[in-house]
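Hi everyone, thanks for making room for me today. I'd like to walk you through a structure step by step, and I'll try to keep the pace gentle. Let's put it up on the screen.

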Amino acid sequence: DIDTTIRNVVQLFRDTAPSPRSTQVFADTQETPCEIACAPESLKQILINLVKNAIEAMPENGEIRVINNGLVNRDGRLYGELCVRDNGPGIPRPLLATLFSPVRTTKGKAHQGLGLHIVHDLVKQSHGLISCRSSQQGTAFEILFPAHSLSHEKSARDTAP
C-alpha cells in the first residue's frame, strides 16, 4: 500500500528534524487503498532519496509534498501515480538534462551524486516510469508504478501446479 509507506517516510523526516531551515514535509494520501507492484523497501528508498534531495535544495520555509495521486491509465495500463513536489528554486536546465545519470555532484564532499541515479534504477527495476518537471516555482518528480493486479495474481495461483 502506497499510503502506508508515504506516511512512514514523511514521519521519519518529521521525527529526525531534517533541516534547520524549517522545511515542512506533508503526506497527501488517498482514502481508497492503492497497491503497486514495487517492493516496499524500494519504494521507501525512492521516497527518502527524493525528499532528502528536495530538503537540501530548499530555501527557508520550504514545503515538500509526497502525493499519492491514485490510479492512472496510461496507454491502456493501470499505474499508481506518486509525486514528490517542492516549492524550491528549481533545477537548472543543464542539470535537468542529465538528472538521472551518475554525475559529479555540486553539493559538496558529503554527497556522491548518485541519489537520483539510484531512484531511477529502483523505479526501472519495478517496471515503472519517472519524470521530472522543474521551474523557478519548484520541482516535481512524478512516478508511475504498475498497479498491483488482483486478477493477475489470481490467474497465476489458478494456473500454478
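What pattern does the chain follow when we read along the sequence? Before I answer, please keep in mind that this is a predicted model. The pattern is α-β-α-β-β-α-α-β-β-α. Counted up, the secondary structure comes to five helices and five strands. The chain has 161 residues, and 35% of them count as buried. Here is one more number for the whole chain: take the contacts between residues at least 6 apart in sequence, and 67% of them join residues at least 24 apart.

Let's look at the sheet. In what order do the strands sit? The order is S1-S2-S3-S5-S4, in an open sheet of five strands with mixed pairing. S1 and S4, which covers residues 129-135, stand at the edges with a single partner strand each, so one side of each has no neighbour in the sheet. On average, neighbouring strands here are turned by 20° against each other, ignoring direction.

Now two of the pairings. S2 and S3 are antiparallel partners, joined over 10 bridges. If you want a spot to find on the screen, glycine 70 stands opposite glutamate 81 in S3. S4 and S5 also pair in the antiparallel sense, over seven bridges, and a hairpin of two residues joins S4 to S5. In that pairing, leucine 129 has leucine 144 of S5 as its bridge partner.

On to the helices that lie across the sheet. H1 lies across S1, S2 and S3, and runs at about 165° to S1. H4 lies across S4 and S5, and runs at about 140° to S4.

My favourite here is H2, so let's spend some time on it. What span should we expect for H2? It has 18 residues, 40-57, and at 1.5 Å a residue it should span 26 Å. The C-alpha atoms at its ends are 26 Å apart, which agrees with that expectation.

Which residues of H2 are buried? They are Ser42, Leu43, Ile46, Leu47, Ile48, Asn49, Leu50, Val51, Ala54 and Ile55. As for what they pack against, the partners are the helices H1 (2-15) and H4 (115-125), along with the strands S1 (24-28), S2 (63-74), S3 (77-86) and S5 (138-146).

Two of those partners are helices, so we need a way to talk about helix pairs. Two packed helices are described by the angle between their axes and the distance between the axes.

Take H2 with H4. Their axes come within 9 Å and cross at roughly 150°. Angles over 145 degrees count as roughly antiparallel, so H2 is roughly antiparallel to H4. The crossing of H2 and H4 is left-handed. On the H2 side, the contact is made by Ser42, Gln45, Ile46, Asn49, Leu50 and Asn53, and on the H4 side by Gly115, Leu116, Ile118, Val119, Leu122 and Val123.

Now take H1 with H2. Here the axes come within 10 Å and cross at roughly 40°, and H1 and H2 are therefore oblique to each other. The crossing of H1 and H2 is right-handed. H1 brings Ile2, Thr5, Ile6, Val9, Leu12 and Phe13 to this contact, while the H2 residues taking part include Pro40, Leu43, Leu47 and Val51.

Let me finish with two single residues. The first is leucine 116, in helix H4. Is leucine 116 buried or exposed? Its relative accessibility is 13%, and buried means under 20%, so leucine 116 counts as buried. Leaving out residues up to four places away in sequence, leucine 116 touches Leu50, Asn53, Leu99, Phe100 and Phe141. Leucine 50 is 66 residues away along the chain, yet the C-alpha atoms of leucine 116 and leucine 50 are separated by 7.4 Å.

The other residue is serine 126, in the loop between H4 and S4. Serine 126 is buried too, because its relative accessible area is 10%. Which residues is serine 126 in contact with, leaving aside its neighbours within four places in sequence? They are Ala37, Cys38, Phe145 and Pro146.

That's my tour, and thank you for listening!

Notes. Residues numbered from 1 in each chain as written. Predicted model: local features only at pLDDT ≥ 70, side-chain atom pairs only at ≥ 80, totals over all residues. Heavy atoms only, no water. Helix = DSSP H or I, 4+ residues; strand = E, 2+ residues; numbered from the N terminus. Expected span 1.5 Å × (residues − 1). Buried < 20%, exposed > 50% of the residue type's maximum accessible area, 1.4 Å probe, protein only. Contact = heavy atoms within 4.5 Å. Pairing = 2+ DSSP bridges. Axes fitted to C-alpha atoms, helices over the stretch in contact; angles between N-to-C directions. Parallel < 35°, antiparallel > 145°, perpendicular 65-115°, else oblique. Left-handed = near helix turned anticlockwise from the far one by under 90°.
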